[in-house]
Amino acid sequence: MKSFVIDENDAGRRVDKFVSKAAAGLSPSLVYKYIRKKAVKVNGKRTDPSYRLNQNDLVEMYINDEFFVKKDSDFLNIGYDPRLDILYEDENLMLVDKRAGVLVHGDASEKRDTLINQVLLYLYNKGEYLPEKENGFTPSLCNRLDKNTGGIVIVAKNALAQRLLYEIVKRREVKKLYLALVWGELEKDEDTIFAYLRKNSETNTVEVKDVEFENSRRIITKYRVLKRARGMS
């Protein structure tokens, strides 16, 4: 049996979501089975999967130890001090300027040297993130950029900031602007382009066509020319 006292980062989380995080080795069906069979209790009583936890609630899980997966600590093995260009930071969030060539999250080619691991190590070194004291929360990136794109990434340092920032991004209240160097000649100084895109995660490449094709998604790109270079060949 393992017990957890709910802190501010897990307050407001549904019981089923908390169990899925704390006992990450459980399948979704087993999570609901254990809750239904009273193997998960809140403040000593039977609970419902949809119950939202309050700070200082006591959650007891009568679940085999094998389902409590060791927390990911890959960020501790980066092997160097984080090379972060922090544009802004307070107790809730960070704005980090990601360099081109850096992965935001791990993939098949690289799992350790990523932006999120650099962020976690930075916060760990400051004493602001201690994984052994967190039941289910991990500081997270609220937006993504491709490996070869540089730009600003938003980091949530606590669960409340994470929920609010995710909602802001979801409602498209964050305006995204990209600066691009284009090879060739754009006929118009300003226009909207409609096309279709398919991403290959294995090769980290994208394919773009004017017409819809298999597994593609429609994309809309608005552009404005800032400067034209003359005499380039």
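Here are three short exercises on the cavity, the largest pocket and one sheet of this structure, each with a worked solution.

The model is predicted, so local features need pLDDT of at least 70 and side-chain atom pairs count only at pLDDT 80 or more, while totals for chains, interfaces and linings use all residues. Residues are numbered from 1 along each chain as its sequence is written, and side-chain values use heavy atoms, with hydrogens and water left out.

**Exercise 1.** Find the largest cavity and describe its lining.

Solution. Start with the terms: on a 1 Å grid over the protein atoms alone, a cavity is a set of points where a 1.4 Å probe fits but cannot get out, a pocket is an open set with protein on both sides within 12 Å along at least five of seven lines, and lining residues have an atom within 4 Å of a point. Points are joined across faces, edges and corners, and a volume is the space filled by probe spheres set on them.

Next, search the whole structure: one cavity of 30 Å³ or more turns up. The largest cavity holds about 50 Å³. Its lining includes Arg83, Asp85, Val96, Leu115 and Gln118. Now look at the elements, which are DSSP runs numbered from the N terminus (helices: H or I, at least four residues; strands: E, at least two). Strand β6 (93-98) and helix α3 (115-126) each give two or more residues to this lining, and β6 has the largest share, with three.

**Exercise 2.** Work out which elements line the largest pocket.

Solution. Begin with the volume, about 2,700 Å³. Of the 47 lining residues, Tyr178, Leu179, Ala180, Thr221 and Lys222 are the closest to the pocket centre. Then assign elements: α4 (159-170), β9 (190-200), β10 (205-209) and β11 (217-224) supply at least two residues each. The most come from β11, with seven.

**Exercise 3.** Trace the strand order of the four-stranded open sheet and place helix α1.

Solution. Two strands pair if DSSP finds at least two bridges between them. Reading across, the order is β1-β4-β2-β3, with antiparallel pairing. At the edges sit β1 (2-5) and β3 (45-46), each pairing on one side only. Zoom in on β1 and β4 (58-61): four bridges join these antiparallel strands, and phenylalanine 4 has valine 59 of β4 as its bridge partner.

Finally, add the helix: α1 (15-22) lies across β1, β2 (40-42) and β4, at about 60 degrees to β4. Here contact means heavy atoms within 4.5 Å; axes are lines fitted to C-alpha atoms, for helices over the stretch in contact, with angles from 0 to 180 degrees between N-to-C directions.
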